[in-house]
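Here is a friendly walk through one model, label by label. Each turn asks what earns a residue or a contact its name.

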Amino acid sequence: MSGGVPFRALLRSEWTKLRSIRSTWWCTALYLLIVGGVGWLAAASTTTAPRSDVALGVALTGFGVGQLVVLVLGVLAVTTEFASGMAQVSLTVAPRRTRLLLAKTLVVTLYCALLTAVLTVVCAAAAFTLTDVPGGLALTSPEVLRPMGLQVVHGALVAVLAVALGAVDRSTAGAVGIGAALVFVLPPALALWGKELAMRASQALPALRVGEDAFAAVATTWPVALAVVAGWAVLAWLLGAVLLERRDV
């Protein structure tokens with residue numbers, strides 16, 4: 001069969017598969033509950049803040065743990081298909097495997113980015129409603145809009161990394177374990193070690209971020225952090241694409 005399936009049809013197919021998986025909706029509900037709930041609780045426990053970005057940073061705290069759910073969602077979008085045998089059908093219909101992986105990545109990434117964008121607005125609303133800032137909370141100021149935008153971009157990159165890891169290691173447990181180690185376990189562990197080499201290694205890993213701040217890891221400037229996470233996501237995706245092309249189903 002030829003590989004001439006329209007890309008738009010692949011996107012529709014991948015969206016159908018994503019929304020048909022029960023785990024997608026469980027992860028969605030958990031993501032909304034963790035990030036939104038923790039955001040409002042954190043904002044409610046912070047009566048005052050010196051600046052708008054500080055108030056927002058507190059409300060975004062839930063993303064530190066919540067984005068692990070994005071990791072699980074992205075991995076399951078790939079591994080569930082291989083576990084069920086549906087991957088063989090997909091690859092028969094669309095034999096150009098890299099193209100198929102690209103379609104899946106776009107659908108999962110856009111879905112996770114949309115969820116993250118909604119939650120950043122929810123968290124900003126919590127900060128605006130529950131935390132007093134001298135002069136008021138400037139929701140349209142760069143110091144507020146930048147961390148909100150960076151949070152969405154980081155959530156999207158975590159989704160790309162998760163899909164890539166699912167393609168590299170088709171085991172759900174293995175891919176989630178590698179991803180959790182990269183973004184959640186190793187960065188703070190190396191930071192706590194305290195040695196210079198370990199500190200640099202912590203900065204070089206795709207640590208979870210809350211707005212502009214690394215979550216329990218050695219801090220970097222946001223452009224460096226964004227480049228690091230993007231680099232890991234792109235390299236992992238390319239590796240996943242190569243292995244998908246070379247492996248049997």
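The questions and answers below concern this predicted model.

Q: How do you know how confident the predictor is in the protein chain?
A: The mean pLDDT of the chain is 92, and 98% of its residues reach 70 or more. On a scale that runs from 0 to 100, confidence is lowest in α5, at a mean of 84. It is highest in helix α2 (residues 22-44), at 96.

Q: What makes the contact between K104 and E14 a salt bridge?
A: The rule asks for a side-chain nitrogen of Lys or Arg within 4 Å of a carboxyl oxygen of Asp or Glu. In this pair the closest N and O atoms are 2.7 Å apart, so the pair meets the cut-off. By this rule the count comes to 7 salt bridges.

Q: Why can K104 and E14 be said to tie together parts of the chain?
A: K104 lies in helix α6 (residues 97-130) and E14 in helix α1 (residues 7-20), so the salt bridge ties together parts that are 90 residues apart in sequence.

Q: Why are K104 and E14 called buried?
A: Buried means under 20% relative accessible area. K104 has 9% relative accessibility, so it counts as buried. E14 has 2%, so it counts as buried too.

Q: What makes E81 and K104 a salt bridge, and which parts of the chain does the pair link?
A: The side chains of E81 and K104 meet at 2.7 Å, N to O, and the cut-off is 4 Å, so the pair qualifies. The pair links distant parts of the chain, with E81 in helix α4 and K104 in helix α6, 23 residues apart.

Q: Is E81 buried or exposed, and how do you know?
A: E81 sits in helix α4 (residues 63-84). Its relative accessibility is 9%, and the limit for buried is under 20%, so E81 counts as buried.

Q: What makes the pairing of E81 and K17 a polar contact?
A: The side chains of E81 and K17 are joined at 2.8 Å. A polar contact needs a pair of N or O atoms within 3.5 Å, so the distance fits the limit. Leaving aside residues up to four places away in sequence, E81 touches K17, M86, A87, S90 and K104.

Q: What makes E196 and R200 a salt bridge, and how far apart are they along helix α9?
A: Their side chains meet at 3.5 Å, N to O, so the pair falls within the 4 Å limit. E196 and R200 are 4 residues apart in helix α9 (residues 196-203), which means that about one helical turn separates them. Both E196 and R200 are exposed.

Q: Which residues do salt bridges that share partners join into one network?
A: The network is made of E14, K17, E81 and K104.

Q: Why is V93 called partly exposed?
A: V93 lies in helix α5 (residues 86-93) and has a relative accessible area of 40%. Buried means under 20% and exposed over 50%, so V93 falls in between and is partly exposed.

Q: What makes V93 eligible for a surface patch, and which residues form it?
A: A patch takes residues with over 30% relative accessible area, so V93 at 40% passes that step. M86, V89 and V93 form the nonpolar patch, with about 240 Å² of accessible area together.

Q: How do you know that A219 is exposed?
A: A219 is in the loop between β2 (213-214) and α10 (222-246). Its relative accessible area is 54%, and exposed means over 50%, so the label holds. Residues up to four places away in sequence aside, A219 touches Q203 and A214.

Q: Why is M148 counted as buried?
A: M148 is placed in helix α7 (residues 142-168). Its 13% relative accessibility is under 20%, so M148 counts as buried. Apart from residues up to four places away in sequence, M148 touches L56, T120, V121 and A124.

Q: What makes S52 a buried residue?
A: S52 belongs to helix α3 (residues 52-59). Its relative accessible area is 3%, which is under 20%, so S52 is buried. Not counting residues up to four places away in sequence, S52 touches V133, G136, L137, A138, E143 and V144.

How values were computed:
Residues numbered from 1 in each chain as written. Predicted model: local features only at pLDDT ≥ 70, side-chain atom pairs only at ≥ 80, totals over all residues. Heavy atoms only, no water. Patch = residues over 30% accessible without salt bridge, like charges linked within 9 Å, V, L, I, M, F, W, Y side chains within 5 Å. Areas by Shrake-Rupley, 256 points an atom, 1.4 Å probe, with all protein chains shown as cover. Helix = DSSP H or I, 4+ residues; strand = E, 2+ residues; numbered from the N terminus. Buried < 20%, exposed > 50% of the residue type's maximum accessible area, 1.4 Å probe, protein only. Polar contact = N/O pair within 3.5 Å; in protein donor to acceptor, adjacent residues only side chain to side chain. Contact = heavy atoms within 4.5 Å.
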